[in-house]
Amino acid sequence: MSPLARVAPLDRILLPVHRWVWNDFDRRVRKLLAFAEVESDGGRDILRAAEVTPDALLRRLYLEHAIDELHHGDLFRQRGAALLRTRSTRLRTLFNGTPLPGGHGLDDLSIQDEPDHRLLAFLHVAEKAAAGRFTIYRDLVDDDPQTRAIFEEILRDEVFHMNYTYTQLARVMPRSYRWQVWRARASRLWKRYLRVAAGIASVVGNAVLTIMYFILLPPFAWMARRAERREPVGWTPISRTRDDSPTGQY
Ligand SMILES: [Fe+2]
Ligand SMILES: [Fe+2]
């Protein structure tokens, strides 16, 4: 285990859930393919950061970082595809989703109008979380040496990313780099909270609508049917006393 990659206490608590996710073949494949997307997206965003930064040293580091993330995306994608080829392409598990967020968190990255210090703080927090998560995942795929080797390789890069972003943040913001990290951490937590809250709201909303459908709708349906039975069947003759003209305007 890399000496600098620390597993977050929450992830230690959630270890049985992580194990549940990684022990199933279908969920493992899905997780690898999802990581491939996140890493590749993150790589493209960091490439954009390299284009817009006015700092020459950061441009070089961002470029190296982006190449690493794009490479991680390829590794995950190839491994997920290789695993998929070893079995039927049909995913059979009832619940194929994963209840936990991905390892990296780079999907929250926004380059637009972000100064370097904020981007560095965000990247540091995301890379630190990724390093901790990938340490867990590497240990959970012990039965699959090739996937384990990929996590091992990626973990080394993530630790490098975690360290260089912190060093550079301290260089560009020598007075307030710790505050920047706390701020990035708080912002990440807030986004996670919003994501969880939106998920819970969606589940509760669906449950309430289902309950309303089965409890409130049947009485109205029953009353409509009863009213329908009272209606005469077929054409209804119009009374001769009515003198309304069918073609009259009023
Ligand atoms: Fe990565
Ligand atoms: Fe990374």
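**Exercise 1. The α3–α4 pair**

At what angle do the axes of helix α3 (residues 25–52) and α4 cross, and within what distance do they come?

*Solution.* The model is predicted. Begin with the two numbers that describe a helix pair: packed helices are characterised by the angle between their axes and the distance between those axes. For α3 and α4, the crossing angle is roughly 160°, and the axes come within 7 Å. Next, classify the angle. Values over 145 degrees count as roughly antiparallel. α3 and α4 are therefore roughly antiparallel to each other. Then take the handedness: α3 passes α4 in a left-handed crossing. Last, sort the contact residues by class. The contact of α3 with α4 has 16 nonpolar, seven polar and six charged residues.

**Exercise 2. Two residues of α3**

Locate S40 and F25, and state the burial class of each.

*Solution.* Take S40 first. S40 sits in helix α3. Inside 10 Å it has 19 C-beta neighbours. A residue needs 20 or more to be buried, so S40 counts as partly exposed. Now list its partners. Leaving out residues up to four places away in sequence, S40 touches L70 and G73. F76 lies 36 residues from S40 along the chain, and their C-alpha atoms are separated by 9.8 Å.

Repeat for F25. F25 also belongs to helix α3. The neighbour count inside 10 Å is 16, so F25 is partly exposed. F25 and L84 are 59 residues apart along the chain, with 9.0 Å between their C-alpha atoms.

**Exercise 3. The α4–α6 pair**

Describe how helix α4 (residues 56–85) packs with α6, and name the residues that make the contact.

*Solution.* Start with the geometry. The axes are 11 Å apart, at an angle of about 160°. That makes α4 roughly antiparallel to α6. α4 passes α6 in a left-handed crossing. Now read off the contact. From α4 come L58, L61, H65, D68, H72, L75 and R79. From α6 come Q146, T147, I150, I154, D157, H161, Y164 and Q168. An α-helix has 3.6 residues a turn, so residues three or four places apart point the same way. Finish with the classes: the contact of α4 with α6 divides into six nonpolar, six polar and three charged residues.

**Exercise 4. The α5–α6 pair and R156**

Give the relative direction of α5 and α6, then place R156.

*Solution.* Helix α5 covers residues 116–140, and helix α6 covers residues 145–172. Their axes come within 8 Å and cross at roughly 155°. That makes α5 roughly antiparallel to α6. The crossing of α5 past α6 is left-handed. By class, their contact holds 15 nonpolar, six polar and seven charged residues.

Now turn to R156. R156 is part of helix α6. R156 has 15 other C-beta atoms within 10 Å, so it is partly exposed. R156 and A131 are 25 residues apart in sequence, and their C-alpha atoms are 8.3 Å apart.

**Exercise 5. Helix α7**

Test the length of helix α7 against its expected span, and decide whether α7 is largely buried or in the open.

*Solution.* First, the length. Helix α7 runs over residues 177–215, which is 39 residues. At 1.5 Å a residue, the expected span is 57 Å. The end C-alpha atoms are 56 Å apart, so the two values agree. Second, the burial. Three of the 39 residues are buried, so α7 lies largely in the open. Name them: Q180, V181 and A184. Third, find what they pack against. The buried residues of α7 pack against α5 and α6.

**Exercise 6. The whole chain**

Summarise the chain by its elements, its burial and its contacts.

*Solution.* Count the elements. There are eight helices and zero strands. From the N terminus on, the order is α-α-α-α-α-α-α-α. Next, burial. The chain has 250 residues, and 30% of them count as buried. Then contacts. Take those with a separation of 6 or more: residues 24 or more positions apart account for 81% of them.

Definitions and conventions: Residues are numbered from 1 along each chain as its sequence is written. Chains are lettered from A and ligands numbered from 1 in the order in which they are written. This is a predicted model: local features need pLDDT of at least 70, side-chain atom pairs count only at pLDDT 80 or more; totals for chains, interfaces and linings use all residues. Axes are lines fitted to C-alpha atoms, for helices over the stretch in contact, and angles run from 0 to 180 degrees between N-to-C directions. Helices (H or I, at least four residues) and strands (E, at least two) are DSSP runs, numbered from the N terminus. Angles under 35 degrees count as roughly parallel, over 145 as roughly antiparallel, 65 to 115 as roughly perpendicular and the rest as oblique. A crossing is left-handed if the near helix is turned anticlockwise from the far one by less than a right angle, and right-handed if clockwise. Ala, Val, Leu, Ile, Met, Phe, Trp, Tyr, Cys and Pro count as nonpolar, Asp, Glu, Lys and Arg as charged, and the others, Gly among them, as polar. A residue is buried if 20 or more other C-beta atoms lie within 10 Å of its own, exposed if 12 or fewer, and partly exposed in between; C-beta atoms are placed from the backbone. Two residues are in contact if their C-beta atoms, placed from the backbone, lie within 7 Å. The expected span of a helix is 1.5 Å times one less than its number of residues.
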